[in-house]
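Work through these exercises with the model open beside you. Try each task before you read its solution.

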Amino acid sequence: MILVWMYCVYLTVLLVADTSGNDCTITNRSRVCWIVECPGSNVHLSINIKNRKLNVTCSHKLNFELLRNQSNLRSLAFDQLIYQDCPLPVDYQSLLEFLSAFLDHTQLSYIVELILINNTDLSANVTLDPPLFAGLHKLQTLVIDNYAVSFDKPLPLQQLLSGVNRFSGSILHQLQQKQHHQTIAEYGLVSIVPNLHMLNLHRNNFLQVEHFAKLPSLTYFNISSNQLMSLHDEMFYGLPNLTFIDLSANKLTRLSAKLFRMNKNLNNFLADNQNGSGLVLEDKLFADLRKLIKVSVSNCKITALPECLFAGATGITFIDFSSNNLQSLPEPLFAISFTQYIDQLNLESNKITHLDFDRSRIETRHRLPREILLADNPLNCDCKSYPLVTYLKAEPNTSKSCLLKGLQCAQPSKLFGLQPQDEQLDDLVCEIDTFSEFCPAECKCYKRAVNQCAFVNCNAANLTRVPIIHSPSNIGCNFIELHVAQNKLHYLSNAGEGWNFVRVLNVSNNSTLPAESLPEMLELLDVSGNQLTEINAAFIVKLNQFTLHNTSLALNPWDCYCNNQLLTFVVDNVARITDYYTFQCFDGKPINLATLKELCGTITLSRLYISVAVSMALVGCLLYIWLYAKLNLAIKVWLFRHNLLQWLVTEEHTDMNKKYDAFISYSHKDEEFVTDQLLPRLESEELNFKICWHVRDFVPGEMIANEVSDCIDIHIFMFVILFF
């Protein structure tokens, strides 16, 4: 800071001392900025000491000679010279020679940046030739702004005429360094500034540039706001270190795939606001530019993007294709290799109706760009948007707003203004062309993505018969939803090979009679609003088929009487009747259990009594059978003893399971009689009785009383021998 202050004091002393004799004025605007003006010269000098910058501004009838006495200006050093609204040298004179009245060659030889602005008004019949930059050995940045020269031939050619201004040789041709400051026109306007880093040709009227000289140090190039309509394929071949290119505000209609083959260091490319008929980007235009970071090509009337436009450009982070005429995007735009490092993809204000989005290609390690700007696009939220919508619905709420900013549905009208993630999946449908050999001519057909359903809408088509329906597999669907409401149908019939693929059938508001054959896959049937009064048993059987889960029967003049099978069906299938609570008879009575009881009260009560009686009789029979099986012998013996039901019980039945026929009880005094006479006689072959004799048949060791009791239980008769 002290050095700057001392330099300012030194400048003040020099300028004040030098202006004591020629009325030049010095205005001190700040410690580092001074303004020098000399009356009559029409030259305005602005000096920035800190930035080592000199700004020379002119007006009409300027006279540099009036500044010649400002000899002390020659003691200052400058890095930047802005030459604005001033004439250019003539007759092969260099800029150093032209300004030698108040600056010497040494001062200008250190200039790094030269900016020429609005130099045409005072430069009539001037030829721009290489000598213009003679002596500027350290020049790195050249800006020619608003030179306003029009050309009718490519720049590398000689004698490029336009009005009163012309270039005598190529403005940017082969660069060769010349010793001794030789200036030869055919080597190019900048051929003697090999250290040039920056070249700005903004706001001129260039119509065509074929190629550049070899500028190995050039990194920045701006040729925006000109009239360029095409670029030669080899235009940038001599600029291997170029990192920034600005072609904005021209009239370009095509960028060749060969344009950047030699520019592997390119970081930023701008070509916005082309005013031609429409810009075409050839495939692989940015291929393998791994250092490319930013591409901006907005407002250029681009209608399509090639699939491999960015093939191998893995370092890109920002892309702007806003305000074009894009209608769709190629699928590789969402490929992992392309989008994994992108921070922002701007596609606003295009004509994009669909995004080719394959969710299966987005792996867990992959992320989409942080921001995809899609506002002001006529997005068609149909079945083609299904992968995108399902992906967005699965994403966390915090990322949805950032992922696709501004994206809204423009069509169909029922979804207008909705964000894709807020849509119902059932609403994502695509219309099927009537020439697809599936859709009947009288109907409109749609394909619903969420369940691969073919939706056939034949409502209000003045039909008297069901149209022929083809197989849904013809359009890649699994089943059909058929709507034939508000027609003049009187019966349903098998309508083609697609009939048995119908899962939803709406025949409401017709005069339909029950069908003889319902579709085999039918899950929902709507016959509401017809002229049905009752349904027969055969149709009840069809309604009870296991696939049919929902039935709508309301708004029909149902005749409610006890024998109408409809009432019983409805009461037994409440869960399957979707309009049960609005289901009414023709007289307004609701069809429910209460109505059924009211109409069939007596019959129902009688049926109940009969059911109870039959049930009790059945229980009694079962109980009798069980008791009879359990106590069969005891019952028969009891009946036989009491002389009851002799036809049912015979002596053979009572003796069927007896082991012995008789037991003999006698006194030991009679033992001889029993053993010698009675027992042999009873067991003889003639009589053949089975006698229980204690000597032979009692179990040794058992109590005699127990043995006697058991023997009596298992025999029929007991003989008691008594002798007096």
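The exercises below cover disulfides, an unpaired cysteine, salt bridges and a charged patch.

This is a predicted model, in which local features need pLDDT of at least 70, side-chain atom pairs count only at pLDDT 80 or more, and totals for chains, interfaces and linings use all residues. Residues are numbered from 1 along each chain as its sequence is written, and side-chain values use heavy atoms, with hydrogens and water left out.

**Exercise 1. Find how many disulfides a search of the whole structure gives, then describe the link of Cys58 and Cys86.**

Step 1. Apply the rule: a disulfide is a pair of cysteine sulfur atoms within 2.5 Å. The search of the whole structure gives six.

Step 2. Take Cys58 and Cys86. Their sulfurs lie 1.8 Å apart, which makes a disulfide. The angle about the S-S bond is 95°, and the link is right-handed.

Step 3. Place the two ends. Cys58 sits in strand β4 (residues 53-58), and Cys86 in the loop between β5 (80-84) and α2 (95-98). The two are 28 residues apart, so this pair links distant parts of the chain. Helices (H or I, at least four residues) and strands (E, at least two) are DSSP runs, numbered from the N terminus.

Step 4. Check the cover. Buried means under 20% relative accessible area, exposed over 50%, and partly exposed in between (1.4 Å probe, protein chains only). Cys58 and Cys86 are both buried.

**Exercise 2. State the handedness of the link of Cys383 and Cys430 and of the link of Cys443 and Cys458.**

Step 1. Cys383 and Cys430 form a disulfide with an S to S distance of 1.9 Å. At -105° about the S-S bond, their link is left-handed. The pair spans 47 residues, from the loop between β23 (379-380) and α5 (386-394) to strand β26 (residues 429-432). Cys383 and Cys430 are buried.

Step 2. Cys443 and Cys458 are also joined, S to S 1.9 Å. Here the angle is 100°, and the link is right-handed. Cys443 is buried at 4% relative accessible area. Cys458 is buried at 0%.

**Exercise 3. Explain why Cys477 has no bond to Cys453.**

Step 1. Find the closest cysteine sulfur to that of Cys477. It belongs to Cys453, 6.8 Å away.

Step 2. Judge the gap. That is too far for a bond. Cys477 is buried, with a relative accessible area of 5%.

**Exercise 4. Count the salt bridges and examine the one between Asp427 and Lys414 and the one between Arg696 and Glu683.**

Step 1. Side chains of opposite charge can pair when their charged atoms come close. The rule asks for a side-chain nitrogen of Lys or Arg within 4 Å of a carboxyl oxygen of Asp or Glu. The count comes to six.

Step 2. Asp427 pairs with Lys414, with the closest N and O atoms 3.4 Å apart. Asp427 is partly exposed at 22%, whereas Lys414 is exposed at 61%.

Step 3. Arg696 and Glu683 meet at 2.8 Å, N to O. Arg696 is partly exposed at 42%, and Glu683 is partly exposed at 31%.

**Exercise 5. Name the residues in the patch of positive charge on the surface.**

Step 1. Patches take residues with over 30% relative accessible area and no salt bridge, and like charges are joined within 9 Å.

Step 2. The patch gathers Lys258, Arg261, Lys264 and Arg290.

Step 3. Locate Lys258. It lies in the loop between β14 (254-255) and β15 (268-270). Its relative accessibility is 37%, so Lys258 counts as partly exposed.

How values were computed. Patch = residues over 30% accessible without salt bridge, like charges linked within 9 Å, V, L, I, M, F, W, Y side chains within 5 Å. Areas by Shrake-Rupley, 256 points an atom, 1.4 Å probe, with all protein chains shown as cover. Lys, Arg positive; Asp, Glu negative; His and termini not counted. Charge placed at Lys NZ, Arg CZ, Asp CG, Glu CD.
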